[in-house]
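Hi,

Here is the structure I promised to pass on to you. Have a look at it first, and then read my notes below.

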Amino acid sequence: MPVQPRHPAPADAPVPADTPAPPADGAPVDHAVGLAHFNSLPFAAAEAAFLECCGSLRWAHRMAAHRPYPDLGALLAASDEAGYDLAPSDIAEALAAEPAPCLHHDAPRAAHLALRAAHAAYESRFGHTFVICLDAYGTSQHVDQVLAGIRVRLTHEVDEERAVTAEELRRLARSRIVELMTADHGQEG
């Protein structure tokens with residue numbers, strides 16, 4: 001059964017991590033409308049929206065303060081830059097806001113138990129939730145990717161895993177920003 005990520009992957013085939021995924025119907029997406037709407041939001045609303053992309057208040061505040069963004073590329077570049085500048089305490093704050101990847105409730109009990117055990121082993125070793133960006137994989141591959149990711153990353157030294165975790169948080173933030181810019185903006189937020 002598929003893993004239920006915070007924001008589901010949009011495609012079944014792997015795509016480069018830095019490439020915004022096209023919508024399921026294959027039509028091109030115009031991010032300009034979403035970006036214009038987002039640039040016009042009150043500061044607090046923009047900051048709250050950014051907090052949904054990355055749970056670091058410092059990151060969200062910085063992203064909201066640097067508006068307006070001229071295009072999606074500039075917004076994603078700013079996201080990356082802000083992500084690279086996060087202190088360990090900011091990363092810990094973002095990790096505390098991340099839900100662990102989980103299974104659909106209809107998945108077999110054994111799969112739930114295996115995933116729970118893998119998460120427990122990871123959290124015991126590193127002291128925080130396992131995060132992974134699954135945008136490059138179809139939903140049918142999520143469980144395997146999460147379990148394989150945990151298995152590999154359990155072999156990392158703490159400093160190496162800290163760097164991998166920070167990169168996964170940056171990738172998740174990018175993905176969520178793209179989703180935010182493609183959301184229906186018919187109502188003010």
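Cysteine 133 counts as buried, at 4% relative accessibility, where buried means under 20% relative accessible area, exposed over 50% and partly exposed in between (1.4 Å probe, protein chains only). Cysteine 53 is buried too, with a relative accessible area of 3%. How many disulfides does a search of the whole structure find? The search finds 0, a disulfide being a pair of cysteine sulfur atoms within 2.5 Å. For cysteine 53, the closest cysteine sulfur belongs to cysteine 54 and is 8.4 Å away, so it is too far for a bond.

Before you go further: this is a predicted model, where local features need pLDDT of at least 70, side-chain atom pairs count only at pLDDT 80 or more, and totals for chains, interfaces and linings use all residues. Residues are numbered from 1 along each chain as its sequence is written, and side-chain values use heavy atoms, with hydrogens and water left out.

Now the core. The largest nonpolar core (buried Ala, Val, Leu, Ile, Met, Phe, Trp, Tyr and Cys residues joined through side-chain atoms within 4.5 Å) has 32 residues, and Phe50, Trp59, Met63, Leu75 and Ile177 touch the most other members. Helix 8 gives the most to this core, with 7 residues; helices are DSSP runs (H or I, at least four residues), numbered from the N terminus. A second, separate core has 12 residues, including Leu103 and Phe130.

Happy exploring!

How values were computed:
Helices (H or I, at least four residues) and strands (E, at least two) are DSSP runs, numbered from the N terminus.
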